[in-house]
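Trainee: Please take me through this model by question and answer, with the reasoning behind each reply.

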Amino acid sequence: MLQLLKQLQIDKRIKAGYGVAFALLLLSYLFTLYANRQLIEQTKVIISTNNIIINLEDVGLYVRDAESSIRGYLLLKNKIFLESYQSSLKKTDSSFLHLSSEYTEANLNQGDINKLKSLVSNKFKNLEDGLRISQNQNASKTDTSINTPGTFLTTNDNNKLLTDSITKQ
């Protein structure tokens, strides 16, 4: 009988050991589940941030493409450059739509995007003004009211200031 009682005590210890091991495994599983959920949330934030960075880089690229297109048209008078300019303008608008939706999803301040959009719009307006001035000069070479170097240089100076503001933004 004594041996039977000792055997039951050993069985209780083994059962208690298995119970403790199961509880620790369950606790470990819960911590792992929590950590994985946090990792998934952080990954979503990183992907959103990466998309914002890519769209911002695209906006800068499209603005530079538009500048190059205008310069190409002014130098060579080839209409293909104007088509490239229009394409850059449309792509910029598309990138701003993506940026706006990414900012909304990430609960970020839309004011930053609106300010950048305003700066880029001013840049495109200045490019179009320079284009218009050049086209007016070509249309009327005898018109003395258009000051070619001064007007165009002022527009280029404004473009430089806007480019610097866009880069800082």
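Trainee: How far apart are the closest N and O atoms of the salt bridge between Glu67 and Lys123?

Mentor: This is a predicted model, in which local features need pLDDT of at least 70, side-chain atom pairs count only at pLDDT 80 or more, and totals for chains, interfaces and linings use all residues. Residues are numbered from 1 along each chain as its sequence is written, and side-chain values use heavy atoms, with hydrogens and water left out. A salt bridge is a side-chain nitrogen of Lys or Arg within 4 Å of a carboxyl oxygen of Asp or Glu. For Glu67 and Lys123, the closest N and O atoms lie apart by 2.3 Å.

Trainee: Which helices does the pair of Glu67 and Lys123 link?

Mentor: Helices are DSSP runs (H or I, at least four residues), numbered from the N terminus. The two partners are 56 residues apart and belong to distant parts of the chain. Glu67 lies in helix α1 and Lys123 in helix α3.

Trainee: Are Glu67 and Lys123 buried or exposed, and which residue joins them in a network of salt bridges?

Mentor: Buried means under 20% relative accessible area, exposed over 50%, and partly exposed in between (1.4 Å probe, protein chains only). By that scale, both Glu67 and Lys123 are buried. The residue linked with them in a network of salt bridges is Arg71.

Trainee: By about how much of a helix are Glu41 and Lys44 separated?

Mentor: Glu41 and Lys44 form a salt bridge, with their closest N and O atoms 3.9 Å apart. Glu41 is partly exposed at 46% relative accessible area, whereas Lys44 is exposed at 52%. Because they are three residues apart in helix α1, their separation is about one helical turn.

Trainee: What is the relative accessible area of Asp129?

Mentor: Asp129 pairs with Arg132 in a salt bridge whose closest N and O atoms are 2.3 Å apart. Both are in helix α3, three residues apart and so separated by about one helical turn. Arg132 counts as partly exposed at 45%, while Asp129 is buried, with a relative accessible area of 16%.

Trainee: Which helix gives the largest share of the largest nonpolar core?

Mentor: A nonpolar core is a set of buried Ala, Val, Leu, Ile, Met, Phe, Trp, Tyr and Cys residues joined through side-chain atoms within 4.5 Å. The largest one has 18 residues, and those with the most contacts inside it are Ile70, Phe96, Leu99, Val120 and Phe124. Two or more residues each come from α1, α2 (79-105) and α3 (110-139). The largest share, seven residues, comes from α1.

Trainee: Which residues does Ser95 touch?

Mentor: Ser95 is found in helix α2 and is buried, at 4% relative accessible area. Other buried residues of this helix include Tyr85, Phe96 and Leu99. Counting contacts as heavy atoms within 4.5 Å and leaving out residues up to four places away in sequence, Ser95 touches Asn55, Asp58, Val59 and Tyr62.

Trainee: How far apart are the end C-alpha atoms of α2?

Mentor: The expected span of a helix is 1.5 Å times one less than its number of residues. With 27 residues, α2 should therefore span 39 Å. The model agrees, as the end C-alpha atoms of α2 are apart by 40 Å.

Trainee: What phi does Asn107 take?

Mentor: Asn107 comes just after α2. Its phi is positive, at about 55 degrees.
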